[in-house]
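Visitor: I would like a close look at a single part of this chain. Please pick one helix and follow it through to its surroundings.

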Amino acid sequence: MSFTYSGIGLGLGITKVAENWKFKGSLTGISIGMVTPTEKIWRILQALGNIAFAYSYSMILIEIQDTLKAPPPSEAKTMKKAGLFSVSTTTIFYMLCGCVGYAAFGDTAPGNLLTGFGFYNPYWFLDIANVAIVIHLVGAYQVYCQPLFSFIEKWAATKWPKSEFINKNFQVPILGCRPYKLNLFRLVWRTIFVVSATILSMLLPFFNDIAGILGAFGFWPLSVYFPVEMYISQKKIPKWSTKWVCLQILSAACLVVSIASAAGSVAGVVSDLKVYHPFQSNY
(Lines give C-alpha, C1' and ligand atoms only; values in the text may rest on other atoms or scores of the structure.)
Protein backbone atom coordinates (compact mmCIF):
# COMPACT_ATOMS: atom_id res chain seq x y z
CA MET A 1 0.00 0.00 0.00
CA SER A 2 1.38 3.37 -0.94
CA PHE A 3 1.40 6.43 1.26
CA THR A 4 -0.99 8.07 -1.19
CA TYR A 5 -3.61 5.34 -0.98
CA SER A 6 -3.29 5.23 2.81
CA GLY A 7 -3.56 9.00 2.96
CA ILE A 8 -6.86 9.03 1.11
CA GLY A 9 -8.12 6.16 3.29
CA LEU A 10 -7.01 8.06 6.40
CA GLY A 11 -8.94 11.11 5.22
CA LEU A 12 -12.02 8.94 4.64
CA GLY A 13 -11.75 7.54 8.17
CA ILE A 14 -11.34 10.97 9.77
CA THR A 15 -14.37 12.23 7.82
CA LYS A 16 -16.46 9.30 9.09
CA VAL A 17 -15.37 9.87 12.72
CA ALA A 18 -16.30 13.54 12.41
CA GLU A 19 -19.66 12.56 10.92
CA ASN A 20 -20.48 10.08 13.72
CA TRP A 21 -19.08 12.22 16.55
CA LYS A 22 -18.01 9.03 18.30
CA PHE A 23 -15.48 6.21 18.10
CA LYS A 24 -16.49 2.68 17.17
CA GLY A 25 -14.62 -0.52 17.90
CA SER A 26 -12.72 -1.46 21.05
CA LEU A 27 -9.16 -1.84 22.27
CA THR A 28 -9.38 -5.63 21.91
CA GLY A 29 -10.20 -5.47 18.19
CA ILE A 30 -12.99 -7.17 16.27
CA SER A 31 -15.49 -8.90 18.55
CA ILE A 32 -15.90 -12.64 18.89
CA GLY A 33 -19.20 -13.29 17.15
CA MET A 34 -18.36 -11.18 14.14
CA VAL A 35 -15.62 -13.77 13.64
CA THR A 36 -14.82 -17.08 15.33
CA PRO A 37 -11.95 -17.27 17.86
CA THR A 38 -9.90 -19.22 15.30
CA GLU A 39 -10.49 -16.61 12.61
CA LYS A 40 -9.46 -13.87 14.99
CA ILE A 41 -6.17 -15.63 15.73
CA TRP A 42 -5.48 -16.04 12.00
CA ARG A 43 -6.24 -12.36 11.40
CA ILE A 44 -3.92 -11.27 14.20
CA LEU A 45 -1.11 -13.35 12.71
CA GLN A 46 -1.88 -12.00 9.24
CA ALA A 47 -1.69 -8.45 10.62
CA LEU A 48 1.81 -9.18 11.91
CA GLY A 49 2.79 -10.10 8.35
CA ASN A 50 1.32 -6.86 7.02
CA ILE A 51 3.30 -4.88 9.58
CA ALA A 52 6.47 -6.74 8.61
CA PHE A 53 5.77 -5.99 4.93
CA ALA A 54 5.51 -2.28 5.75
CA TYR A 55 9.15 -2.33 6.91
CA SER A 56 10.56 -4.40 4.06
CA TYR A 57 12.41 -1.40 2.63
CA SER A 58 15.57 -2.46 4.47
CA MET A 59 16.43 -4.83 1.62
CA ILE A 60 17.14 -1.84 -0.64
CA LEU A 61 18.97 0.33 1.91
CA ILE A 62 22.35 -0.67 0.46
CA GLU A 63 21.15 0.18 -3.04
CA ILE A 64 20.00 3.60 -1.83
CA GLN A 65 23.26 4.18 0.03
CA ASP A 66 25.24 3.38 -3.12
CA THR A 67 23.53 6.27 -4.91
CA LEU A 68 24.65 8.87 -2.35
CA LYS A 69 27.46 11.11 -3.52
CA ALA A 70 28.67 11.97 -0.02
CA PRO A 71 31.98 10.47 1.24
CA PRO A 72 31.71 7.34 3.46
CA PRO A 73 31.58 9.06 6.91
CA SER A 74 28.87 11.50 5.80
CA GLU A 75 27.13 8.72 3.90
CA ALA A 76 26.64 6.71 7.09
CA LYS A 77 25.35 9.75 9.00
CA THR A 78 22.95 10.60 6.19
CA MET A 79 21.59 7.05 6.10
CA LYS A 80 21.06 7.02 9.88
CA LYS A 81 19.06 10.24 9.71
CA ALA A 82 17.10 9.01 6.69
CA GLY A 83 16.39 5.67 8.38
CA LEU A 84 15.16 7.31 11.59
CA PHE A 85 12.98 9.75 9.67
CA SER A 86 11.50 7.09 7.36
CA VAL A 87 10.75 4.58 10.15
CA SER A 88 9.14 7.30 12.29
CA THR A 89 7.04 8.61 9.40
CA THR A 90 5.95 5.13 8.33
CA THR A 91 4.99 4.13 11.88
CA ILE A 92 2.99 7.30 12.58
CA PHE A 93 1.27 7.24 9.19
CA TYR A 94 0.22 3.59 9.20
CA MET A 95 -0.77 3.58 12.86
CA LEU A 96 -3.00 6.60 12.25
CA CYS A 97 -4.54 4.96 9.17
CA GLY A 98 -5.26 1.70 10.99
CA CYS A 99 -6.51 3.27 14.21
CA VAL A 100 -8.68 5.93 12.55
CA GLY A 101 -10.17 3.36 10.17
CA TYR A 102 -11.16 1.13 13.08
CA ALA A 103 -12.42 4.08 15.11
CA ALA A 104 -14.60 5.15 12.19
CA PHE A 105 -16.10 1.80 11.18
CA GLY A 106 -15.50 -0.54 14.13
CA ASP A 107 -15.95 -4.25 13.46
CA THR A 108 -17.22 -3.51 9.94
CA ALA A 109 -13.94 -1.83 8.93
CA PRO A 110 -12.76 -3.52 5.71
CA GLY A 111 -9.19 -4.54 4.97
CA ASN A 112 -9.06 -1.81 2.35
CA LEU A 113 -10.87 1.39 3.37
CA LEU A 114 -11.36 2.52 -0.22
CA THR A 115 -12.59 -0.67 -1.89
CA GLY A 116 -14.26 -2.53 0.96
CA PHE A 117 -17.76 -1.02 0.87
CA GLY A 118 -19.22 -2.79 -2.16
CA PHE A 119 -21.80 -0.76 -4.05
CA TYR A 120 -20.97 2.38 -2.11
CA ASN A 121 -17.41 2.66 -3.39
CA PRO A 122 -16.53 6.28 -4.24
CA TYR A 123 -15.36 5.40 -7.76
CA TRP A 124 -14.02 8.86 -8.62
CA PHE A 125 -12.07 8.73 -5.36
CA LEU A 126 -10.62 5.34 -6.33
CA ASP A 127 -9.60 6.63 -9.75
CA ILE A 128 -7.64 9.48 -8.16
CA ALA A 129 -5.99 7.06 -5.71
CA ASN A 130 -5.09 4.59 -8.48
CA VAL A 131 -3.52 7.32 -10.63
CA ALA A 132 -1.49 8.43 -7.60
CA ILE A 133 -0.40 4.82 -7.01
CA VAL A 134 0.76 4.46 -10.63
CA ILE A 135 2.86 7.62 -10.31
CA HIS A 136 4.21 6.44 -6.96
CA LEU A 137 5.11 2.94 -8.16
CA VAL A 138 6.72 3.97 -11.45
CA GLY A 139 9.77 4.95 -9.38
CA ALA A 140 9.39 2.57 -6.44
CA TYR A 141 8.99 -0.51 -8.66
CA GLN A 142 12.23 0.32 -10.47
CA VAL A 143 14.14 0.75 -7.21
CA TYR A 144 12.92 -2.56 -5.79
CA CYS A 145 13.52 -4.54 -8.99
CA GLN A 146 16.92 -3.16 -9.98
CA PRO A 147 18.90 -5.60 -7.77
CA LEU A 148 17.04 -8.55 -9.34
CA PHE A 149 17.44 -7.18 -12.86
CA SER A 150 21.15 -6.56 -12.31
CA PHE A 151 21.73 -10.03 -10.80
CA ILE A 152 20.03 -11.88 -13.69
CA GLU A 153 21.77 -9.81 -16.37
CA LYS A 154 25.22 -10.25 -14.83
CA TRP A 155 24.62 -13.98 -14.41
CA ALA A 156 23.50 -14.34 -18.04
CA ALA A 157 26.51 -12.35 -19.31
CA THR A 158 28.85 -14.63 -17.34
CA LYS A 159 27.04 -17.79 -18.43
CA TRP A 160 26.98 -16.93 -22.15
CA PRO A 161 29.80 -14.41 -22.74
CA LYS A 162 29.79 -14.92 -26.54
CA SER A 163 26.07 -14.41 -27.05
CA GLU A 164 25.34 -11.24 -29.02
CA PHE A 165 21.71 -11.34 -27.91
CA ILE A 166 22.80 -11.00 -24.27
CA ASN A 167 25.90 -8.83 -24.52
CA LYS A 168 25.61 -6.65 -27.62
CA ASN A 169 24.30 -3.09 -27.27
CA PHE A 170 22.66 -1.33 -30.21
CA GLN A 171 22.81 2.43 -30.71
CA VAL A 172 19.30 3.83 -31.13
CA PRO A 173 19.39 7.43 -32.40
CA ILE A 174 17.18 9.92 -30.55
CA LEU A 175 16.59 13.34 -32.05
CA GLY A 176 18.32 16.03 -30.02
CA CYS A 177 19.81 13.55 -27.53
CA ARG A 178 22.65 11.08 -27.29
CA PRO A 179 22.00 7.67 -28.86
CA TYR A 180 20.29 5.22 -26.53
CA LYS A 181 22.08 1.93 -25.82
CA LEU A 182 19.55 -0.84 -26.38
CA ASN A 183 20.28 -4.38 -25.16
CA LEU A 184 17.86 -6.95 -26.58
CA PHE A 185 18.20 -9.39 -23.69
CA ARG A 186 17.53 -6.63 -21.16
CA LEU A 187 14.49 -5.48 -23.12
CA VAL A 188 13.01 -8.98 -23.50
CA TRP A 189 13.79 -10.22 -19.96
CA ARG A 190 12.51 -7.13 -18.17
CA THR A 191 9.38 -6.99 -20.30
CA ILE A 192 8.58 -10.65 -19.57
CA PHE A 193 9.17 -10.08 -15.86
CA VAL A 194 6.90 -7.02 -15.67
CA VAL A 195 4.11 -8.65 -17.71
CA SER A 196 4.31 -11.86 -15.65
CA ALA A 197 4.26 -9.95 -12.35
CA THR A 198 1.27 -7.90 -13.53
CA ILE A 199 -0.72 -10.98 -14.60
CA LEU A 200 0.12 -12.76 -11.34
CA SER A 201 -1.03 -9.76 -9.29
CA MET A 202 -4.31 -9.70 -11.25
CA LEU A 203 -4.82 -13.41 -10.61
CA LEU A 204 -4.19 -13.00 -6.87
CA PRO A 205 -6.22 -10.00 -5.72
CA PHE A 206 -5.94 -10.87 -2.00
CA PHE A 207 -4.01 -7.73 -1.08
CA ASN A 208 -3.86 -8.14 2.70
CA ASP A 209 -3.07 -11.86 2.57
CA ILE A 210 -0.43 -11.59 -0.15
CA ALA A 211 1.17 -8.60 1.61
CA GLY A 212 1.27 -10.68 4.79
CA ILE A 213 2.93 -13.62 3.04
CA LEU A 214 5.52 -11.41 1.35
CA GLY A 215 6.19 -9.65 4.62
CA ALA A 216 6.54 -12.94 6.50
CA PHE A 217 8.98 -14.49 4.04
CA GLY A 218 11.04 -11.34 3.52
CA PHE A 219 11.05 -9.85 7.02
CA TRP A 220 13.22 -12.25 9.02
CA PRO A 221 15.98 -13.17 6.53
CA LEU A 222 16.36 -9.76 4.87
CA SER A 223 15.44 -7.33 7.63
CA VAL A 224 16.70 -9.18 10.72
CA TYR A 225 18.92 -12.26 10.25
CA PHE A 226 21.43 -11.02 7.67
CA PRO A 227 21.78 -7.50 9.16
CA VAL A 228 22.28 -8.98 12.64
CA GLU A 229 24.88 -11.50 11.43
CA MET A 230 26.72 -8.82 9.43
CA TYR A 231 26.76 -6.53 12.47
CA ILE A 232 28.13 -9.32 14.67
CA SER A 233 30.82 -10.11 12.10
CA GLN A 234 31.76 -6.47 11.50
CA LYS A 235 31.95 -5.57 15.19
CA LYS A 236 33.59 -8.93 16.05
CA ILE A 237 31.16 -9.53 18.90
CA PRO A 238 32.29 -12.65 20.83
CA LYS A 239 29.95 -15.61 21.07
CA TRP A 240 27.86 -15.91 24.24
CA SER A 241 28.60 -12.35 25.25
CA THR A 242 25.62 -10.31 26.54
CA LYS A 243 25.27 -8.36 23.29
CA TRP A 244 25.56 -11.54 21.17
CA VAL A 245 22.88 -13.32 23.22
CA CYS A 246 20.53 -10.31 23.01
CA LEU A 247 20.95 -10.09 19.24
CA GLN A 248 20.28 -13.82 18.85
CA ILE A 249 17.15 -13.55 21.02
CA LEU A 250 15.96 -10.67 18.83
CA SER A 251 16.59 -12.71 15.69
CA ALA A 252 14.82 -15.79 17.10
CA ALA A 253 11.80 -13.73 18.22
CA CYS A 254 11.47 -12.18 14.76
CA LEU A 255 11.72 -15.65 13.20
CA VAL A 256 8.77 -16.77 15.34
CA VAL A 257 6.83 -13.68 14.23
CA SER A 258 7.59 -14.45 10.58
CA ILE A 259 6.47 -18.08 10.87
CA ALA A 260 3.30 -17.14 12.71
CA SER A 261 2.39 -14.36 10.27
CA ALA A 262 3.06 -16.67 7.31
CA ALA A 263 0.66 -19.23 8.80
CA GLY A 264 -2.01 -16.59 9.32
CA SER A 265 -1.65 -15.19 5.82
CA VAL A 266 -1.75 -18.64 4.19
CA ALA A 267 -4.92 -19.38 6.16
CA GLY A 268 -6.36 -16.11 4.82
CA VAL A 269 -5.53 -17.06 1.23
CA VAL A 270 -7.14 -20.49 1.69
CA SER A 271 -10.28 -18.77 3.00
CA ASP A 272 -10.32 -16.28 0.11
CA LEU A 273 -9.92 -19.03 -2.48
CA LYS A 274 -13.33 -20.42 -1.49
CA VAL A 275 -15.00 -17.40 -3.13
CA TYR A 276 -12.26 -16.68 -5.65
CA HIS A 277 -12.93 -15.59 -9.24
CA PRO A 278 -9.91 -14.92 -11.54
CA PHE A 279 -9.18 -11.30 -12.45
CA GLN A 280 -11.73 -9.98 -9.96
CA SER A 281 -11.10 -8.18 -6.70
CA ASN A 282 -12.05 -10.13 -3.58
CA TYR A 283 -13.41 -6.99 -1.91
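Guide: First, a term: a residue counts as buried when its relative accessible area is under 20%, and as exposed when that area is over 50%. Note also that this is a predicted model.

The part to look at is helix α5, residues 123-159. Some context for it comes first. The chain holds nine helices and two strands. Along the sequence they run α-α-α-α-α-α-β-β-α-α-α. Of the 283 residues in the chain, 27% are buried.

Now the buried residues of α5. They are Leu 126, Ala 129, Ala 132, Ile 133, Cys 145, Phe 149, Glu 153 and Ala 156. Cys 145 matters for the geometry too: α5 bends there by about 45 degrees. A proline, Pro 147, follows within four residues of that bend.

Go on to Ala 156, also in α5. Its relative accessible area is 1%, so Ala 156 is buried. Ile 166 is 10 residues away from Ala 156 along the chain. Their C-alpha atoms are separated by 7.1 Å.

Next, the packing partner. α5 packs with α7 at an angle of about 130 degrees. Their axes lie 11 Å apart. An angle over 145 degrees would count as roughly antiparallel, and 65 to 115 as roughly perpendicular. The pair is therefore oblique. The crossing of α5 and α7 is right-handed.

Stay with α7, which covers residues 184-203. How far should its 20 residues span at 1.5 Å a residue? The expected span is 28 Å, and the end C-alpha atoms of α7 are 28 Å apart, so the two agree. At the N-terminal end of α7, Asn 183 acts as a cap. A side-chain oxygen of Asn 183 lies 3.0 Å from the backbone nitrogen of Phe 185.

Last, a stop further along the chain: the loop between α8 (207-235) and α9 (242-273). Most residues other than glycine have a negative phi. Lys 236, in this loop, has a positive phi of about 55 degrees, although it is not a glycine. Trp 240 lies in the loop between α8 and α9 as well. Trp 240 is not a glycine either, and its phi is positive, at about 65 degrees. Are these residues buried or exposed? Lys 236 has a relative accessible area of 69%, so it is exposed. Trp 240 has 68%, so Trp 240 is exposed too.

Notes
Residues numbered from 1 in each chain as written. Predicted model: local features only at pLDDT ≥ 70, side-chain atom pairs only at ≥ 80, totals over all residues. Heavy atoms only, no water. Bend = angle between axes of the 7 residues up to and from the residue. Buried < 20%, exposed > 50% of the residue type's maximum accessible area, 1.4 Å probe, protein only. Expected span 1.5 Å × (residues − 1). Polar contact = N/O pair within 3.5 Å; in protein donor to acceptor, adjacent residues only side chain to side chain. Axes fitted to C-alpha atoms, helices over the stretch in contact; angles between N-to-C directions. Parallel < 35°, antiparallel > 145°, perpendicular 65-115°, else oblique. Left-handed = near helix turned anticlockwise from the far one by under 90°.
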